[in-house]
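Colleague: I've got a fold on my screen and some questions about how it fits together. Could you walk me through it?

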Amino acid sequence: MTAEEFIKLRDFIYRKTGIYFEERKKYYVESRVEDRIKATGHDNFRSYFTWLRFDVTGKELQELINALTVNETYFFREYYQLKCFAEEILPEIVEKKSSIRVWSAGCSTGEEPYTLAIIMEEMLEGISGVTWEVHATDINTEVIEKAEVGLYSQRSVRLVPEEYKMRYFVAKGEFYEIVPEVKKKVKFYQLNLMDATAMRKMSGFDVIFCRNVLIYFDDASRRQVALYFYEALTEGGYIFLGHSESMSRITPIFKLRRFKNAFVYQK
Amino acid sequence: MLEVKISELAEQMKSGKSKNERIQAALDLGSIKAKEAVDVLVEQLLVEEDEVVREAIVTSLIKIGDEYVANRAAGLLESEDAYVRNAGVEILSIIGEPAIEILQKMINHPDRDVRILAVNALGESHIRETIRYLRRVIMEDDDENVVASAIEYLSELGFEKEDKEVVMKAAKRFSSPFFQYTVKSAIEKMADL
Ligand SMILES: C[S@@+](CC[C@H](N)C(=O)[O-])C[C@H]1O[C@@H](n2cnc3c(N)ncnc32)[C@H](O)[C@@H]1O
């Protein structure tokens, strides 16, 4: 792939997804794209790219996005944030309302939303009249399919407290399967955070987790997504970003709230 | 057709029923690459009081991000309102390439406060030519505050021996303690060059 070809492809992906690949990622992009070129029976970049641009079904774009996204994740990632959610934020919300909606945006293979569902089950069980649900979305359709199956490796569940592992997973050979009671609380679907129409359908969320997703975006796209989140949150709703990410560096529209266990952004 | 859409969105951005509706309109204008869209966004930015709607407007201007936006954003540097000025700096620095030409003009603006903002926009940008322009400001601008800001940025961005030499030479240009202090800390930062 020549430098110009890389830039063309990069700009195209950027426009479609908000994900921005810098020059130093050329090798990474190149090797994934080469796989797609082969898989689709093309013999050079140019013919593949032309075909991709004019593919009205959008199927190949989806395949390419699936090949290019970084999906690294695991259960109970950033424990202190989850502790804050469980022990400080949830009790505050329950005092005010009886139906709680949480969204894991950029959920990858499901570890994050299932973690949230386990926590909510633990914290809200037995509080009468309270209902809750977790929405989990990702741009990558492959990870969504895996998440719906709910089968995880040892590595993925390594940080799950032993007690929860027994209660919420069933061992299946080398794997752990999430139990149906938790599975049915999580609604998975494909959604591109840069898609204005789709994003506007998202509303009434009390808490949004969007961790380790916006790091792949450029400034302009991050701001745009932050505004969509603003619209999707209820008044006073909360948003969690990854531990190395800062909403204040993206936009001033959220307030920073200091809790005992973590800093969280609030509408 | 396009004009109708722009004026509808402009109306909705100004006086939509809910705040969300106003934010949406501002964001939607950002997907229209037309001068008229830029104009209504900039005009609203000048009078808008809601912080989130302002933010949506800035985001849309960055998204359109062409030379026309750069020119209009440069105009914001002359505003009396600090938020608007900063928005101008932010837009110019983030959109990069299309802003080069206008920034080159702005570093020669008669008002030194505007020149400082232009230096900030350059310094915060990822524009390759930044270093060259900063050097020029350091050598030629006759206001010590403008030169001092350029020196601060060059000390962070410069990677060549020449950058340090430019700063060292500039030490003689102004004698105030503030300026001398700026030069001294810049040279310390560039010690390894
Ligand atoms: C590193 S994973 C983060 C998973 C989880 N949130 C965590 O912190 O462990 C990032 C996910 O963001 C998704 N993603 C990237 N760009 C996206 C977009 N434009 N819309 C929705 N999801 C996106 C990727 O497909 C990937 O699954």
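**Talking through the fold**

Modeller: Sure, and let's start with a loop: Glu23(A) lies in the one between helix H1 (3-17) and helix H2 (26-39) of chain A. Keep in mind that this is a predicted model.

Colleague: Is Glu23(A) buried, partly exposed or exposed?

Modeller: To count as exposed, a residue needs a relative accessible area over 50%, and buried means under 20%. Glu23(A) comes out at 48%, so the label is partly exposed.

Colleague: Which side chain makes a polar contact with the side chain of Glu23(A)?

Modeller: Leave out the neighbours within four places in sequence, and Glu23(A) is in contact with Phe6(A) and Arg10(A). The polar contact between side chains, at 3.1 Å, is with Arg10(A).

Colleague: How are H1(A) and H2(A) oriented, roughly parallel or roughly perpendicular?

Modeller: Their axes are 11 Å apart, and the packing angle is about 80°. Angles from 65 to 115 degrees count as roughly perpendicular. That makes the arrangement of H1(A) and H2(A) roughly perpendicular.

Colleague: And which residues of H2(A) make that contact?

Modeller: From H1(A), the contact uses Ala3(A), Phe6(A) and Leu9(A). Phe6(A) also touches Glu23(A) in the loop. On the H2(A) side the residues are Lys26(A), Val29(A) and Val33(A).

Colleague: On to the sheet. Which strands stand at the edges?

Modeller: The sheet is open and mixed, with seven strands of chain A in the order E6-E2-E1-E7-E8-E10-E9. A strand at the edge has a single partner, so one of its sides has no neighbour in the sheet. Here those strands are E6 (186-190) and E9 (255-258) of chain A.

Colleague: What does the twist average from one strand to the next?

Modeller: That average is taken along the order E6-E2-E1-E7-E8-E10-E9. From one strand to the next, the twist averages 25°.

Colleague: Which residue stands opposite Ile239(A)?

Modeller: Strand E8 (residues 233-241) and strand E10 (residues 263-266) of chain A run antiparallel, joined by two bridges. In E10(A), the residue opposite Ile239(A) is Tyr265(A).

Colleague: What angle does helix H5 of chain A make with E8(A)?

Modeller: Helix H5 (residues 79-96) packs on the sheet and touches strand E1 (99-105), strand E7 (205-210), E8, E9 and E10 of chain A. Its direction and that of E8(A) make an angle of about 175°.

Colleague: And helix H6 of chain A with E2(A)?

Modeller: Helix H6 (residues 111-124) also packs on the sheet, touching E1, strand E2 (131-138), E6 and E7 of chain A. Between the directions of H6 and E2(A), the angle is about 170°.

Colleague: How many disulfides does the structure hold?

Modeller: A disulfide needs sulfurs within 2.5 Å. For Cys84(A), the closest cysteine sulfur is 17 Å away in Cys210(A), which is too far for a bond. Cys210(A) has its closest cysteine sulfur 11 Å away in Cys107(A), again too far. Over all chains, the number of disulfides is zero.

Colleague: Are Cys84(A) and Cys210(A) buried or exposed?

Modeller: Cys84(A) has 0% relative accessibility and counts as buried. With a relative accessible area of 0%, Cys210(A) is likewise buried.

Colleague: Last one: which residue takes a positive phi in the hairpin of E4(A) and E5(A)?

Modeller: Strand E4 (residues 169-172) of chain A runs antiparallel to E5(A), with four bridges joining them. Lys172(A) stands opposite Phe175(A). The hairpin has two residues between the strands, and the one with a positive phi near 60° is Gly173(A).

Definitions and conventions: Residues are numbered from 1 along each chain as its sequence is written. Chains are lettered from A and ligands numbered from 1 in the order in which they are written. This is a predicted model: local features need pLDDT of at least 70, side-chain atom pairs count only at pLDDT 80 or more; totals for chains, interfaces and linings use all residues. Side-chain values use heavy atoms; hydrogens and water are left out. Two strands pair if DSSP finds at least two bridges between them. Axes are lines fitted to C-alpha atoms, for helices over the stretch in contact, and angles run from 0 to 180 degrees between N-to-C directions. Contact means heavy atoms within 4.5 Å. Buried means under 20% relative accessible area, exposed over 50%, partly exposed in between (1.4 Å probe, protein chains only). A polar contact is a pair of N or O atoms within 3.5 Å; within protein, one must be able to donate a hydrogen and the other to accept it, and residues adjacent in sequence count only if both atoms are side-chain atoms. Angles under 35 degrees count as roughly parallel, over 145 as roughly antiparallel, 65 to 115 as roughly perpendicular and the rest as oblique.
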